[in-house]
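Here are my notes from a first pass through this one. Have the viewer open while you read, and tell me if anything looks off.

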Amino acid sequence: MRPIYLDYNATTPIHPGVLAAMRPYLEEHFGNPSSGHVYGQTAKAAVERARGEAAALLNASPTEILFTSGGSESNNLALVGAARLLKSKGNHLIISAVEHPAVRQVAATLVKDGFALTVLPVDADGLVDPESLARALRPTSILVSVMLANNETGAIQPVAALAALARANGALFHTDAAQAVGKIKVDVRALGVDLLTVAGHKLYAPKGVGALYVREGVRLARLIDGADHERGLRAGTENVAGVVGLGAACTMAASDLEAEGARQRALSERFVAGVVSRLPAGAVRRNGHPLRRLPNTVNLGFRRLAAADLLAAMPSLAASAGAACHTGETNASGVLGAMGAPAEYAAGALRFSLGRMTSEADVDRAIVLVAAAARKLLGLPPVANAAPAPTPPRLVLASTSRYRKELLTRLGLPFSAAAPKYDEPPLPLPPDQLVVAHATAKAESLAADFPDALIVGSDQLVSFEGEVLGKPGGEAAAVAQLLRLAGRTHRLLTAVVVHEPRTGRTETALVIHEMTLRPLAEREAINYVRRDKPIDCAGAYKLEALGVALMESVRGEDDTAIQGLPLVKLCELLRRFGLEPLGD
């Protein structure tokens with residue numbers, strides 16, 4: 001039986017549709033795009049068509065796309081080209097601690113050439129705090145480079161916020177988006193970046209072709225001298241077939257980006273749930289942010305096991321120990337080290353990355369292989385006749401809340417949007433579907449209409465004189481139920497801020513809904529409610545960053561610490577995120 005391939009972050013196979021688009025330029029249309037005759041002009045037209053296809057995926061102008069030999073060349077051109085041209089303005093470069101060697105090593109070389117370098121730390125989820133960049137920027141800062149999505153953990157950086165800080169300080173901002181393009185929406189206008197790297201072989205195009213987005217008006221020093229190809233920035237006859245393949249891959253990605261991402265996220269959650277359910281509690285740890293991550297990427301740390309031993313014990317499964325795409329080494333991951341991952345888990349960390357060709361059967365077989373290998377190395381007996389991981393029930397979203405839609409999408413739960421008016425005839429719903437309603441009254445109405453459907457209400461939780469009110473179908477319970485269906489282990493933090501008109505006092509109540517025993521820092525959601533004016537669901541979702549800050553404030557302490565979080569501290573955090581607490 002052919003081994004299961006779960007290493008799509010290392011490279012992807014050329015998609016059959018991409019290969020079909022390339023074939024004429026390998027066999028028939030062989031002209032040089034710089035030639036004036038029909039052979040050359042046919043090739044040139046294909047290159048420009050592909051340029052437009054790549055630009056469309058990124059929401060860029062075709063004139064802002066330069067074709068290169070791949071991600072490494074694009075990163076070199078961005079960093080070295082910008083540094084050399086801007087050296088008269090300053091010599092300070094900034095990167096993150098979790099960059100790919102194609103950025104990290106380039107920066108180290110520039111340091112040898114006289115440039116100063118600051119490396120930004122990341123938190124336990126692998127994310128850069130924009131405040132750390134704000135502190136690092138200097139008048140001499142000329143370039144900041146922070147990857148969009150990490151190749152090992154899939155963590156998605158807050159690039160838009162980081163780019164805004166850099167550009168406000170007069171520095172260019174580059175992001176290595178090699179792992180993100182084709183997996184999530186990448187919009188250069190929304191991100192506000194000046195330079196962005198694309199690698200063809202990460203999105204089903206061939207190896208040896210890539211692109212660099214260069215915002216209109218941004219100038220770079222050329223690295224390869226020669227003729228004036230690619231706006232004079234990259235000499236050398238274009239790899240026509242490869243460029244055509246990259247364009248076709250971009251068009252394919254744009255055609256089903258959201259649907260394919262949701263499918264892969266659901267499969268990755270199925271994989272995690274299946275592996276975790278077959279091992280003892282505490283034997284495996286998921287690395288990276290629980291929500292801000294690529295839909296296809298899973299990084300699991302197996303306690304007190306070596307990654308090399310795990311890989312050797314499952315030859316029928318292709319996965320990676322860390323970022324194995326560049327050296328093949330199986331040393332402890334520098335990315336996990338920067339995140340402060342416990343050593344007993346980091347040494348046994350494996351990256352599993354799914355792709356377009358990954359099926360549910362592949363995932364179920366991989367679950368068995370991984371769990372069996374880990375149990376054998378731990379000296380545990382095999383799991384007898386283990387059933388495959390359960391597939392979450394389908395959902396019908398009976399709400400107009402963008403928060404709910406985003407939450408379901410990020411959790412990888414397949415759903416259809418109904419959002420009915422409740423005075424209309426009921427919709428026919430199979431009994432295995434879940435209806436997510438926006439308020440308890442609507443949930444009760446739906447329950448009467450659909451007695452066989454699984455229903456979650458979502459009334460806001462409120463508190464008065466020390467008593468937390470709200471029915472079992474409250475906001476916290478609704479989100480917790482969704483997380484359970486997605487196979488997630490989590491804790492749900494609900495923050496209730498209460499103003500009592502009778503006494504004029506403002507108090508806080510922080511309620512932790514424990515589903516499993518995991519560190520507080522690995523929270524899944526936060527809901528903030530005011531007694532007289534509850535914030536709507538969209539407002540609650542925007543407070544994800546506040547949830548992180550709350551958790552960080554008690555990192556390393558026990559559960560009771562967050563229950564006693566001082567009101568002044570909570571108000572300080574609320575104001576930091578643009579919210580004015582009720583009362584004094």
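1. What share of the 584 residues in the protein chain is buried? Keep in mind that this is a predicted model. Buried residues come to 54% of the chain. On the secondary-structure side, the chain has 20 helices and 21 strands. As for contacts with a separation of 6 or more, 71% of them link residues that sit 24 or more positions apart.

2. Now the sheet. Seven strands make an open sheet with mixed pairing, and the order is E2-E8-E7-E6-E5-E3-E4. The edges are taken by E2 (65-68) and E4 (116-120); each has a single partner strand, so one side of each has no neighbour in the sheet. On average, and ignoring direction, neighbouring strands are turned by 20° against each other.

3. Inside that sheet, have a look at E6 (residues 172-176) and E7 (residues 195-199): they run parallel and are joined by three bridges. If you want a landmark for the register, Thr175 stands opposite Leu196 in E7.

4. Which helices lie on these strands? H3 (residues 71-86) lies across E2, E3 (92-96), E5 (141-145), E6, E7 and E8 (210-214), and runs at about 160° to E7. H4 (residues 101-112) also packs on the sheet, where it touches E3, E4, E5 and E6; the angle between its direction and that of E3 is about 155°.

5. Next, a helix pair. H2 (residues 38-58) packs against H8 (residues 240-255) at an angle of about 30°, and the axes are 8 Å apart. Their crossing is left-handed. From H2 the contact uses Ala43, Ala46, Val47, Ala50, Glu53, Ala54 and Leu57. H8 contributes residues including Val240, Val243, Val244, Gly247, Ala248 and Cys250. Sorted by class, this contact has 13 nonpolar residues, two polar ones and one charged one.

6. Last point: Arg234, which is in the loop between E8 and H8. Is this arginine buried or exposed? Its relative accessible area is 16%, and the cut-off for buried is under 20%, so Arg234 counts as buried. The side chain of Arg234 makes a polar contact of 2.7 Å with the side chain of Glu73. Beyond its neighbours within four places in sequence, Arg234 is in contact with Phe67, Thr68, Ser69, Glu73, Ile224 and His229. Two of those names tie back to elements above: Phe67 falls within the E2 range of 65-68, and Glu73 within the H3 range of 71-86.

Terms used: Residues numbered from 1 in each chain as written. Predicted model: local features only at pLDDT ≥ 70, side-chain atom pairs only at ≥ 80, totals over all residues. Heavy atoms only, no water. Axes fitted to C-alpha atoms, helices over the stretch in contact; angles between N-to-C directions. Helix = DSSP H or I, 4+ residues; strand = E, 2+ residues; numbered from the N terminus. Left-handed = near helix turned anticlockwise from the far one by under 90°. Contact = heavy atoms within 4.5 Å. Nonpolar A, V, L, I, M, F, W, Y, C, P; charged D, E, K, R; others polar. Pairing = 2+ DSSP bridges. Buried < 20%, exposed > 50% of the residue type's maximum accessible area, 1.4 Å probe, protein only. Polar contact = N/O pair within 3.5 Å; in protein donor to acceptor, adjacent residues only side chain to side chain.
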